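Colleague: Hi! Could you walk me through this one before I set anything up?
Modeller: Happy to, here it is.

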Amino acid sequence: MIELKATGINKSFYAPERFQVLNNISFEITRGEFISITGKSGCGKSTLLYILSTMDTDYEGTLELGGELVTGKGQRELAAFRNARLGFVFQFHYLLPDFTCLNNVMIPGLRLGKLSRKEVEHNAYEKLKLLGVGDQALKRASRISGGQQQRVAIARALINNPDIIMGDEPTGNLDTRNTEIVFEMLNKLSLEEQKTIITVTHDKDFASRSNRIIEMSDGAIINQQKR
Amino acid sequence: MNLQINSEIAFTYLVARKKQTLVASLGVMFGISMYIFMNSLISGTNEYFEKMTLSSTPHIRLYKDHETSNSAMLDQSIGDSTVNLIVNPRLIKSDDRLINPVGLVQFIRSVSSVTAASPQVTATVICSNGTVQSNGVVSGIDIIEQDKMFDITSTMIAGSVKDLYINPNGIIIGSVMAHNLNINLEDDVTVTASNGSVKVLHVVGIFQTTIKNVDQTKCYSNVSVVQQLLKKDRGYITDIYINIKDHNEANVVASSIAKVTGYNVETWQSANEQAIAARTIRDTIANSVVVTILLVAGFGIYNILNMMIYEKIKEIAILKATGFAGQHVISIFIIQALLIGMIGVVAGLGFGWLVSKTVSMIYIGKGNLEYLPVSFYAKHYVQGSAFGILTAFFAGYIPAVRASDVDPVQIIRG
Ligand SMILES: Nc1ncnc2c1ncn2[C@@H]1O[C@H](COP(=O)(O)OP(=O)(O)OP(=O)(O)O)[C@@H](O)[C@H]1O
Ligand SMILES: [Mg+2]
């Protein structure tokens with residue numbers, strides 16, 4: 001089953017002058033696939049990911065997620081969609097500094113409101129433990145290291161058990177051991193729970209172990225190699 | 001809409017920025033407490049002056065005015081074949097008596113909103129004790145009815161109003177006159193009217209209103225005494241004082257009585273227009289102060305929330321990225337504003353009461369005003385709270401909408 005289908009995606013920035021970042025991007029991802037997007041710095045990987053994650057709605061072309069056309073949907077609908085079906089890890093692992101790590105992870109779960117507070121809290125703890133930051137749960141998010149923040153951000157992306165998980169260099173700040181933990185975790189999700197994983201990465205090793213590498217250059221896909 | 005998580009976030013932000021929260025709440029607090037205090041003081045003052053006014057002015061006074069000469073008689077005798085004009089018309093010197101006063105009083109008492117009606121006749125006199133003299137004005141009244149209106153009993157420092165009722169030749173005088181003439185209770189005083197008639201009256205009571213002019217000149221006696229002083233008959237009554245249930249209705253009741261009886265009426269408001277004007281001025285001053293303070297408090301909240309949103313723009317982007325819609329963001333910041341408002345209101349209610357209480361204990365001791373008049377009405381506290389919450393809401397609304405417009409991609413891209 002096709003989880004994600006992008007057709008003819010174009011995006012330009014107009015400041016300071018017209019500059020086309022994405023050039024006619026089309027591809028499909030089936031459910032349960034683990035995709036790596038690679039390419040030189042500035043080639044448009046993050047820009048593409050923001051579009052795929054429904055946050056950026058200012059583009060040409062169409063995007064279907066889970067068989068549903070999301071292009072042209074309203075902001076409110078998209079917010080609800082992101083909340084329930086998408087997990088996102090930002091390049092600079094943004095957490096809410098006034099909240100504890102645990103609360104940071106819980107907030108999207110509480111927003112969804114499907115589970116009771118207790119259950120959400122339990123799940124959040126589990127995710128944090130899996131990522132090796134269970135002991136940081138009650139610390140304020142501003143009081144932990146960058147690598148720990150990144151792992152908390154991953155836990156947050158997973159809290160609502162989303163169908164699609166996107167990461168913009170989710171392991172960018174991690175040492176080999178923790179990178180391994182995160183990779184195994186994502187791999188397991190794609191294998192056992194049929195979650196679709198899309199990560200932007202500079203880590204060649206990480207990329208080569210995923211199902212497919214999409215290589216970009218100057219806003220276009222130049223190569224897709226299946227493993 | 002799942003409000004709980006929104007309030008939780010709002011609450012966390014409030015606690016994380018204790019100082020800003022405190023400053024914003026203080027603004028609201030001062031707004032509310034000033035609202036309560038100003039209103040309590042102004043309404044206390046208004047009530048005080050109203051009470052003062054109504055202690056010497058009836059709600060409605062019924063009397064007969066002199067008439068200006070008109071051409072009615074000419075028309076009758078010459079006929080209307082010519083236009084009859086009187087050049088330089090004069091006031092007709094007519095008797096200012098009310099016709100059939102007993103019937104009038106009976107009619108007035110039958111009006112449902114009337115609580116008291118007291119017929120009067122007044123004479124300007126000279127009171128003397130031996131060779132010492134003092135000017136005075138004697139009101140011939142039904143003392144029982146008059147007491148109902150003005151609570152003369154409460155101002156009595158010697159004797160009682162009942163003694164006047166019992167003693168047909170009695171008189172009640174003010175404390176200053178008593179002092180000037182060196183008269184005590186049970187003494188006699190000689191009263192001389194302008195037409196030369198003299199009566200010796202027995203002092204059965206002394207009152208003190210603390211309004212010097214009144215205590216120096218005003219005297220109460222029975223109607224018949226004053227009629228005799230004026231050399232008039234037993235039916236001579238010039239004024240009827242009327243009190244009604246709600247003194248604010250005076251104008252309505254007065255005009256209906258005027259219509260039926262055909263006499264002139266004067267309400268306490270028109271008899272004391274300067275007092276009504278003063279009241280309007282006081283209200284205006286108080287309202288402008290209160291509005292200014294609430295506005296300042298509103299700007300305080302607006303500023304602090306605006307600043308907070310500027311600081312938290314990244315976090316707002318994260319919330320939106322993880323599934324918070326614009327309406328959720330609005331509700332977070334409005335809840336925050338309302339929480340600030342509520343803290344301010346609670347503190348303001350207490351502080352407003354405290355200030356009012358403190359001011360009400362400031363000793364003045366001038367005339368019959370012992371302490372500053374401050375009223376305590378639940379109404380002012382409820383209104384103050386409502387205004388505080390409303391101010392907070394509107395002050396929070398604009399920044400909240402701005403926050404909800406944040407485009408997450410733009411922020412996260414950096
Ligand atoms: N807001 C913007 N306005 C104008 N140009 C932009 C804007 N954001 C990004 N760009 C340009 O778009 C191009 C792609 O940026 P993008 O962030 O997608 O790169 P990237 O592939 O993610 O790079 P990196 O690997 O360094 O994260 C860059 O050349 C950048 O200069
Ligand atoms: Mg990038």
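Modeller: A word on terms first: helices here are DSSP runs of H or I with at least four residues, numbered from the N terminus. Also, keep in mind that this is a predicted model.

Colleague: Thanks! Where is B:I332 found?
Modeller: B:I332 sits in helix α14 of chain B, which covers residues 326–360.

Colleague: Is B:I332 buried or exposed?
Modeller: B:I332 is buried, because its relative accessible area is 1%, and buried means under 20%.

Colleague: What is B:I332 in contact with, leaving aside its neighbours within four places in sequence?
Modeller: With those neighbours left out, B:I332 is in contact with B:N6, B:I9, B:A10, B:L319 and B:F324.

Colleague: And how many Å apart are B:I332 and B:N88 in space?
Modeller: They are 79 Å apart, C-alpha to C-alpha, with their positions 244 residues apart in sequence.

Colleague: I saw B:L319 in that list. Which residues of α13(B) are buried?
Modeller: B:L319 is one of them, along with B:E315, B:I316, B:A317, B:I318, B:K320 and B:A321. Helix α13 of chain B spans residues 313–321 and is mostly covered, with seven of its nine residues buried.

Colleague: What does phi look like just after α13(B)?
Modeller: B:G323 comes just after α13(B) and takes a positive phi of about 115 degrees.

Colleague: Switching to helix packing: at what angle do the axes of α2 and α12 of chain B cross?
Modeller: The axes of helix α2 (residues 18–54) and helix α12 (residues 273–311) of chain B cross at roughly 170 degrees and come within 9 Å. That crossing makes α2(B) roughly antiparallel to α12(B), because angles over 145 degrees count that way.

Colleague: How do the residues of that contact divide?
Modeller: The contact of α2(B) with α12(B) has 19 nonpolar, five polar and five charged residues.

Colleague: Now the ligand, please. How many residues surround ligand 1, and which are the closest?
Modeller: 15 residues surround ligand 1, and the closest are A:S41, A:G42, A:K45, A:S46 and A:T47.

Colleague: Which chains do the residues around ligand 1 come from?
Modeller: They come from chains A and B, so the site is shared between chains.

Colleague: Which polar distances should I look at there?
Modeller: An N or O atom in the side chain of A:S41 is 2.6 Å from an oxygen atom of ligand 1. A polar side-chain atom of A:H202 lies 3.2 Å from an oxygen atom of ligand 1, and for A:C43 a polar backbone atom is 3.3 Å from an oxygen atom of the ligand.

Colleague: Staying in chain A, what about A:T196?
Modeller: A:T196 is in strand β8 (residues 196–200) of chain A and counts as buried at 0% relative accessibility. A polar atom of the A:T196 side chain lies 3.3 Å from the backbone nitrogen of A:G32. Leaving aside neighbours within four places in sequence, the contacts of A:T196 include A:E3, A:R31, A:E33 and A:D163.

Colleague: Last topic, backbone oddities. Which loop holds A:N161?
Modeller: A:N161 lies in the loop between α5 (146–158) and β7 (164–168) of chain A. Phi of A:N161 is near 55 degrees, positive in a residue other than glycine, and A:N161 counts as partly exposed at 44% relative accessibility.

Colleague: And A:D218, is it buried or exposed?
Modeller: A:D218 is exposed, with a relative accessible area of 68%. The loop between β9 (212–217) and β10 (220–226) of chain A holds A:D218, and phi of A:D218, also positive, is near 50 degrees.

Note on methods: Residues numbered from 1 in each chain as written. Chains lettered and ligands numbered in written order. Predicted model: local features only at pLDDT ≥ 70, side-chain atom pairs only at ≥ 80, totals over all residues. Heavy atoms only, no water. Helix = DSSP H or I, 4+ residues; strand = E, 2+ residues; numbered from the N terminus. Buried < 20%, exposed > 50% of the residue type's maximum accessible area, 1.4 Å probe, protein only. Contact = heavy atoms within 4.5 Å. Axes fitted to C-alpha atoms, helices over the stretch in contact; angles between N-to-C directions. Parallel < 35°, antiparallel > 145°, perpendicular 65-115°, else oblique. Nonpolar A, V, L, I, M, F, W, Y, C, P; charged D, E, K, R; others polar. Near = heavy atom within 4 Å. Polar contact = N/O pair within 3.5 Å; in protein donor to acceptor, adjacent residues only side chain to side chain.
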